[in-house]
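Please open the model in your viewer and keep the selection tool at hand. We will go from one stop to the next.

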Amino acid sequence: MYNSPDFISVRLINFLIEKRSLAYLIVDKNGYLSTWGGKLSVYGLKNLDKSKLAQKQIYFLTGLLPLGSESIYIPCLKISHGICADLYLFPSDIGDWILLLDVTEHYKCIVSLQQMVNEKALIDQNNHNIT
């Protein structure tokens with residue numbers, strides 16, 4: 001495992017919390033939420049309940065849990081109302097961890113660039129058809 005100086009680790013964690021709206025959940029081996037924290041409201045996750053199955057409360061976890069021994073990374077997942085997140089899931093002894101990092105601005109840039117490329121392709125195709 002990579003060992004970084006504490007200074008870098010602290011700065012990185014602070015950046016992720018503030019700029020990327022870090023949020024986390026732990027789902028126990030029986031499928032129930034055991035703990036959560038971070039900026040969950042950014043992702044529309046409110047009023048979570050330990051007495052209910054995680055997949056009943058958080059639709060995008062359906063079919064992903066339990067993890068087994070493998071981790072999962074899902075980039076740019078549309079969570080709610082224009083919010084996109086990188087979703088990281090990894091197993092541990094206490095349950096499956098779910099991390100969310102906001103990538104909405106990144107997604108908007110990708111969509112904008114994709115639109116420009118598509119428009120350029122249409123213009124090029126129209127120019128080719130004219131000649």
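## First stop: the β1–β2 hairpin

Select the hairpin of β1 and β2, which has five residues between its strands. Gly31 in this hairpin takes a positive phi near 95°. The model is predicted. Now show the two strands, β1 (23-27) and β2 (33-38). They pair in the antiparallel sense, over five bridges. For one pair, pick Leu25; its bridge partner in β2 is Trp36.

## The largest pocket

Keep Gly31 selected and add Asn30, Gln55, Leu65 and Pro66. Of the 15 residues that line the largest pocket, these five lie nearest its centre. The volume of this pocket is about 180 Å³. Rolling a probe the size of a water molecule over the atoms shows where empty space is left.

Which elements each supply at least two residues of the lining? Colour α2 (54-57) and β5 (95-102) to see them. Then colour the lining by class: six residues are nonpolar, five are polar and four are charged.

## The cis bond

Zoom in on Leu65 and Pro66. The peptide bond joining them is cis, with omega about 0°. Pro66 sits in the loop between α2 and β3. Most residues other than glycine have a negative phi, and most peptide bonds are trans.

## Helix α1 and what follows

Go to α1 (6-19). Does its length read as short, long or as expected for a helix of 14 residues? At 1.5 Å a residue, α1 should span 20 Å; its end C-alpha atoms are 19 Å apart, so the two values agree.

Select Lys19, found in helix α1. Lys19 counts as exposed, because its relative accessibility is 61% and the cut-off is over 50%. Draw a distance from its C-alpha atom to that of Asp102. The two atoms are separated by 8.1 Å, though Lys19 and Asp102 are 83 residues apart along the chain.

Step on to Ser21, in the loop between α1 and β1. Its phi is positive, near 50°. Is Ser21 buried or exposed? It counts as buried, because its relative accessibility is 9% and the cut-off is under 20%. Show what surrounds it. Leaving aside neighbours within four places in sequence, Ser21 is in contact with Leu16, Lys39, Val42, Tyr43, Leu100 and Asp102. Asp102 is also the partner in the distance drawn from Lys19.

## The β3–β4 hairpin

Move to strands β3 (residues 72-80) and β4 (residues 83-92). They run antiparallel, joined by six bridges. Pick Lys78: its bridge partner in β4 is Cys84. Two residues lie between the strands of this hairpin. Select His81 in the turn; its phi is positive, about 30°.

Now back into strand β3 for Cys76. Its phi is near 50°, a positive value in a residue other than glycine. Cys76 is partly exposed, with a relative accessible area of 24%.

## Last stop: Asn47

Finish at Asn47, in the loop between β2 and α2. Here too a residue other than glycine has a positive phi, near 55°. Where does Asn47 stand, buried or exposed? It is exposed, because its relative accessible area is 75%, against a cut-off of over 50%.

Definitions and conventions: Residues numbered from 1 in each chain as written. Predicted model: local features only at pLDDT ≥ 70, side-chain atom pairs only at ≥ 80, totals over all residues. Heavy atoms only, no water. 1 Å grid on protein atoms, 1.4 Å probe; cavity = no way out; pocket = protein on both sides within 12 Å on 5 of 7 lines; lining within 4 Å. Points joined across faces, edges and corners; volume = space filled by probe spheres on them. Helix = DSSP H or I, 4+ residues; strand = E, 2+ residues; numbered from the N terminus. Nonpolar A, V, L, I, M, F, W, Y, C, P; charged D, E, K, R; others polar. Pairing = 2+ DSSP bridges. Buried < 20%, exposed > 50% of the residue type's maximum accessible area, 1.4 Å probe, protein only. Contact = heavy atoms within 4.5 Å. Expected span 1.5 Å × (residues − 1).
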